[in-house]
Amino acid sequence: MPEIKQTKEQLERRRDEINALLNRVNNDLQLELDPDADEQAIQVEQNEVAVTMEANLRKELAMIEDQLIDLE
């Protein structure tokens, strides 16, 4: 499969999108737990998804940063 080259502008735009997503995920993780046990269970599951999403976004962000450095 041929590798698709991305332009610097595309990489910078995606980097900005990832940073915005990371800010939103981090804000969501700082919410207090609901007093209802069932709601807490749902919140904990959602937090686990958010943590996984954050890790994946950080990996992608690191790759983009490396590509941007290579373009300089």
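**Note on the packing of helices α1 and α2**

1. The axes of helix α1, which covers residues 8-29, and helix α2, which covers residues 37-71, come within 9 Å and cross at roughly 155°. That angle makes α1 roughly antiparallel to α2, because angles over 145 degrees are counted in that class. The structure discussed here is a predicted model, and the points below should be read with that in mind.

2. The crossing in which α1 passes α2 is left-handed. The residues that form the contact of α1 with α2 divide into 14 nonpolar, 4 polar and 9 charged, so that the contact, under the grouping used here, holds charged and polar residues as well as nonpolar ones.

3. In soluble globular proteins, nonpolar side chains tend to be buried together. In this model the largest nonpolar core has 7 residues, namely Leu11, Ile18, Leu22, Leu57, Leu61, Ile64 and Leu68. Both helices take part, with α1 and α2 each supplying at least two residues of this core, and the largest share, 4 residues, comes from α2.

4. Leu68, one of the residues of that core, touches Lys8, Leu11, Glu12 and Arg15 when residues up to four places away in sequence are not counted. Of these partners, Leu11 is itself listed in the core.

5. Glu54 deserves a separate remark: this residue is found in helix α2, and at 15% relative accessibility Glu54 counts as buried, because the cut-off for that class is under 20%. Leaving out residues up to four places away in sequence, Glu54 touches Leu22, Val25, Asn26 and Leu29, and among these Leu22 is a member of the largest nonpolar core.

6. Asn26, which has its place in helix α1, is partly exposed, with a relative accessible area of 24%. Leaving aside neighbours within four places in sequence, Asn26 is in contact with Glu54 and Arg58. The C-alpha atoms of Asn26 and Val51 are 8.7 Å apart in space, although these two residues are 25 residues apart in sequence.

7. Asn19 is found in helix α1 and is partly exposed, its relative accessible area being 31%. In sequence, Asn19 and Leu57 are 38 residues apart, whereas in space the separation is 8.5 Å, taken from C-alpha to C-alpha; Leu57 is one of the residues of the largest nonpolar core.

8. Asp16 also lies in helix α1 and, with a relative accessible area of 47%, is partly exposed, since the exposed class begins over 50%. Asp16 and Leu57 are 41 residues apart in sequence and 11 Å apart in space, again from C-alpha to C-alpha.

Terms used:
Residues numbered from 1 in each chain as written. Predicted model: local features only at pLDDT ≥ 70, side-chain atom pairs only at ≥ 80, totals over all residues. Heavy atoms only, no water. Axes fitted to C-alpha atoms, helices over the stretch in contact; angles between N-to-C directions. Parallel < 35°, antiparallel > 145°, perpendicular 65-115°, else oblique. Left-handed = near helix turned anticlockwise from the far one by under 90°. Core = buried A, V, L, I, M, F, W, Y, C linked by side-chain atoms within 4.5 Å. Buried < 20%, exposed > 50% of the residue type's maximum accessible area, 1.4 Å probe, protein only. Contact = heavy atoms within 4.5 Å.
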